[in-house]
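Me: I would like to learn how to read a protein model feature by feature. Please give me the general idea each time, then the case here.

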Amino acid sequence: MAAAALLRPRAGSGGPGALWRTQRRQRSTFDVAVVGAGIVGLASARELVLRHPELAFAVLEKEKELAHHQSGHNSGVIHSGIYYTPGSLKAKLCVQGAALCYEYCDQKGIPYKQCGKLIVAVEQDEIPRLKALYERGLQNNVRGLKLIGSKEIQAKEPFCRGLMALDSPYTGIVNYKQVAESYAEDFQEAGGTILTDFEVTGMEMAKESSSESTDGLKYPVIVRNSKGEEIYCRHIVTCAGLYSDRLSEISGCSPEPRIVPFRGDYLVLKPEKCYMVKGNIYPVPNPRFPFLGFHFTPRMDGSVWLGPNAVLAFKREGYKLFDFSTTDFFDAVLYSGLWKLVLRNLSYGLNEIYRACFLSAQVKELQKFIPEVTVNDVLRGPSGVRAQALDSDGNLVDDFVFDGGTGDIGSRILHVRNAPSPAATSSLAIAKMIADEVKRRFEL
């Protein structure tokens, strides 16, 4: 049987974002296998191996590189925790996670910028919502929040226009792919194994007579990939993002909540126009609509991203307009929950499609905040795909969801079914919660 690729830091490379090389796999038995090498999976694997150094851990990743999808296609914002319902898990994890993220980056020498964020009201009817958001942020213990007027807005963002803004100086930016790679390096230095090019397609209990399991029933779970390769383990934790529902289903657990992929397309400011944006500039969210709306996001490389929109993706990993998967398309459009969501937000959805097609429509949204931006100042930029968990009633699942099953194999699996934005910001805090749940469920 051919061996899967094993990732190791290249000798002498060191530091975050180290180059990787592949080796042949040395072992095939593990105490816990974590499926998914996005930022949440890697953070969780890191936390588990640091807590339980006596156990053997593996991370299984279907791609040939780490953090290839949501973790490598996001805006890079370190969120402060303003938006989320006070007392919710999402709010607590974001505030804790932001503090841990900054601390971790300082320890590892990973560059970041604490450039702040303005949530800007441009219409009178947005001001009450902005003030309510301020109160929510205070309840969530977000640091340094204050409401500012139009003159203070221009002092911070000379090209931005608004009636009032919520100033969040603790918001920052970072390259999350670099952070994820650093988690991977920590994991491997602590003795963990990362297997790439290992697309999990099956999970089952080993038969008692299996000659492959040299340790008898110590590692009773077989995890099989698309090439027919196998590893044996005691327990599985899945952090599979866009495929979390499908992995749950193949393990015999519930297929709901379902994942419906939404593509977000960004514009970028031309390099000579990036001086117009200093920090993050966001709209006041409209509670009638499910997404945040267009915003201005500076990046660590000096570029500025504008957007994103939110349109249904016809492929779960479809980053281009015409990417299409028959399976993914019919999975989405035959799901009753999607149609309930669409019918409730029909005008919003049609506007998003229109803006996706016409650059001028997107620029018009941006001009509400920076009137000087023109169509000639922007280019079409990258895209990301959001793994949006959706229930059968068409409700966006807005908080974290853990799931397992019953029976021999279901009781040995923990599925992280939904780790919504700001999961990258919250990754170290989420990892602690997952490690606690693993200990509770599996009695490690």
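Me: Start with strand β14; how many of its nine residues are buried?

Reply: This is a predicted model. To judge a strand's cover, count its residues with under 20% relative accessible area. In β14, residues 230–238, eight of the nine residues are buried, and the strand is mostly covered.

Me: Which strand runs parallel to β14 over six bridges?

Reply: For pairing, look at the bridges and at the direction of the two strands. β3 is joined to β14 by six bridges in the parallel sense, and Val34 stands opposite Val237 of β14. β22 also pairs with β14 in parallel, over three bridges. There Val237 stands opposite Leu414 of β22, so Val237 has a facing residue in β3 and one in β22.Me: What pairs with β14 in the antiparallel sense?

Reply: Strand β13, residues 221–225, pairs with β14 in this way over four bridges. Ile222 stands opposite Tyr232 in β14. The two strands form a hairpin with four residues between them, and Gly228 takes a positive phi near 90 degrees.

Me: Where else can I see a hairpin with a glycine of positive phi in the turn?

Reply: Read a hairpin by its two strands, then by the residues between them. β17 and β18 form one with five residues between them, and Gly302 in the turn has a positive phi of about 95 degrees. Strand β17 covers residues 295–298 and pairs with β18 over four antiparallel bridges. Thr297 has Trp305 of β18 as its bridge partner.

Me: Which other strand pairs with β18 over two bridges?

Reply: Strand β15, residues 258–269, pairs with β18, residues 304–307, in the antiparallel sense. The bridge partner of Val268 in β18 is Trp305. Trp305 is also the partner of Thr297.

Me: How do I read an open sheet, and what is the strand order in the one with three strands?

Reply: List the strands across the sheet, then find the ones at the edges. The order is β5-β10-β6, with antiparallel pairing. The edge strands are β5 (77–78) and β6 (112–113), each of which pairs on one side only. Two bridges join β6 to β10, residues 172–174, and Tyr112 has Val174 in β10 as its bridge partner.

Me: Now a helix. Is α1 largely enclosed or largely open?

Reply: Check the length of a helix, then its cover. α1 runs over residues 39–51 and reaches 18 Å from its first C-alpha to its last, close to the 18 Å expected at 1.5 Å a residue. It is largely enclosed by the rest of the structure, because 11 of its 13 residues are buried. Among the buried residues are Leu42, Arg46 and Glu47.

Me: What do the buried residues of α1 pack against?

Reply: The partners include strands β3, β4 and β11 and helices α2, α5 and α12. Leu42 is a useful residue to display. Beyond four places away in sequence, its contacts include Val59, Leu66, Ala180, Tyr183 and Ile194.

Me: What covers the buried residues of α10?

Reply: In α10, residues 359–367, the buried residues are Ala361, Gln362, Val363 and Leu366. Their cover includes β15, β17, β18, α9 and β20. A general rule helps in reading such a list: an α-helix has 3.6 residues a turn, so residues three or four places apart point the same way.

Me: Which residues have the most contacts inside the largest nonpolar core?

Reply: To read a core, ask how many residues it has and which elements supply them. The largest one has 48 residues, and Leu42, Val237 and Ile434 have the most contacts inside it. Elements giving two or more residues include β3, α1, β22 and α12. The largest share, nine residues, comes from α12. A second, separate core of 23 residues includes Val120, Met276, Leu366 and Ile370.

Me: Last, the whole protein. How many helices and strands are there?

Reply: There are 12 helices and 22 strands. The radius of gyration is 22 Å, close to the 22 Å that the globule rule gives for 444 residues, so the protein is as compact as a globular protein of that length. The C-alpha trace spans about 75 × 50 × 40 Å along its principal axes. Of the 444 residues, 54% count as buried.

Me: What share of the contacts with a separation of 6 or more joins residues 24 or more positions apart?

Reply: Such pairs account for 73% of those contacts. As for the outside, the accessible surface comes to about 19,000 Å², and 51% of this belongs to carbon and sulfur atoms.

Conventions. Residues numbered from 1 in each chain as written. Predicted model: local features only at pLDDT ≥ 70, side-chain atom pairs only at ≥ 80, totals over all residues. Heavy atoms only, no water. Expected span 1.5 Å × (residues − 1). Buried < 20%, exposed > 50% of the residue type's maximum accessible area, 1.4 Å probe, protein only. Contact = heavy atoms within 4.5 Å. Pairing = 2+ DSSP bridges. Rg over C-alpha atoms; globule rule 2.2 N^0.38 Å. Areas by Shrake-Rupley, 256 points an atom, 1.4 Å probe, with all protein chains shown as cover. Core = buried A, V, L, I, M, F, W, Y, C linked by side-chain atoms within 4.5 Å.
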